[in-house]
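Let's take a walk through this model together, with the sequence and the coordinates side by side. Please have both open before reading on.

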Amino acid sequence: MGGVVSVKVERRVVDPGDRDHVEDAWQLKERIRRDHGVLRQRRGFFESAYKRSTVYLFLDRANRGALVGFAAVRRDGYILFLAVDPDYQGEGYGEALVARVADDFGSVTCHARTTNEEALHFYQHIGFTVDRRIDGYYEDGGDAYYLRLGEDDGLTDRLSRLLGG
């Protein structure tokens, strides 16, 4: 994991109230849901949350503006959705999205299914810690961990490097 965000990739921010790229984000989320059984939210919930969020996007200019990944974030720095297209995973885009959120909000939190080992490994790798477990958190009865981005171990510097700063 880890890498440098390509110069062919455009960074874009979608402000709350804007639906720009919501269909692309939905399709990416659904692809991940089908392949990995996570990100199970219903369309109405997803679109409503997307519209209320600040959404950070990476678009591949070399591939007709294809969506590389996105993070939809509440105004308190809580990540509602984080997804990177499987074709681009392992290249640093997930870390760069979280770094951008950390840079803009300072405090970053999220939930992850207790059974989603890939997500838990990713979040812990970049400095998140488990704050608590919440039984029955998800609509389908699934349990979650509430995660918080740590402020020690030089994390700010590491995330800043991921942003190219």
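Which exposed residues does the face of α2 turned away from its buried side carry? They are Gly44 and Arg52. Please keep in mind while you look that this is a predicted model.

Before going further into that helix, it helps to have the whole chain in view. There are 5 helices and 7 strands in the chain, and read from the N terminus they follow the order β-α-α-β-β-β-α-β-α-β-β-α. Of the 165 residues in the chain, 46% are buried. If you take the contacts between residues at least 6 apart in sequence, 61% of them join residues at least 24 apart.

Now back to α2, and to its other side. The buried residues of this helix are Phe46, Glu47, Ala49 and Tyr50. Looking down the axis of α2, you will find these buried residues within an arc of 165°, so they line one face of the helix. Several elements take part in covering the buried residues of α2, including β1, α1, β2, β3 and β4 (78-84).

One of those covering elements, α1, deserves a closer look. Two packed helices are described by the angle between their axes and the distance between the axes. Here the axes of α1 (residues 22-36) and α2 (residues 43-52) come within 11 Å and cross at roughly 130°. The two helices are therefore oblique to each other, and their crossing is right-handed. On the α1 side, the contact is made by Val22, Glu23, Ala25, Trp26 and Lys29, while α2 brings Arg43, Phe46, Glu47 and Tyr50. Sorted by class, this contact has 5 nonpolar and 4 charged residues, with no polar ones.

Among the residues of that contact, glutamate 47 is worth a pause. This residue is found in helix α2, and its relative accessible area is 17%, so glutamate 47 is buried, the cut-off being under 20%. What does glutamate 47 touch, leaving aside its neighbours within four places in sequence? The answer is Arg19 and Val22. You can also gauge the distance from glutamate 47 to alanine 25: the two are 22 residues apart in sequence, and their C-alpha atoms are 9.4 Å apart in space.

Let's finish in the loops, where two backbone angles may catch your eye. Histidine 21 lies in the loop between β1 (9-14) and α1. Its phi is near 70°, which is a positive value in a residue other than glycine. Arginine 64, in the loop between β2 (54-60) and β3 (66-73), also has a positive phi without being a glycine, with a value near 55°.

Are these two loop residues buried or exposed? Histidine 21 has a relative accessibility of 16%, so it counts as buried. Arginine 64 has a relative accessibility of 81%, and therefore counts as exposed.

Definitions and conventions: Residues numbered from 1 in each chain as written. Predicted model: local features only at pLDDT ≥ 70, side-chain atom pairs only at ≥ 80, totals over all residues. Heavy atoms only, no water. Axes fitted to C-alpha atoms, helices over the stretch in contact; angles between N-to-C directions. Helix = DSSP H or I, 4+ residues; strand = E, 2+ residues; numbered from the N terminus. Parallel < 35°, antiparallel > 145°, perpendicular 65-115°, else oblique. Left-handed = near helix turned anticlockwise from the far one by under 90°. Contact = heavy atoms within 4.5 Å. Nonpolar A, V, L, I, M, F, W, Y, C, P; charged D, E, K, R; others polar. Buried < 20%, exposed > 50% of the residue type's maximum accessible area, 1.4 Å probe, protein only. Arc of directions from axis to C-beta.
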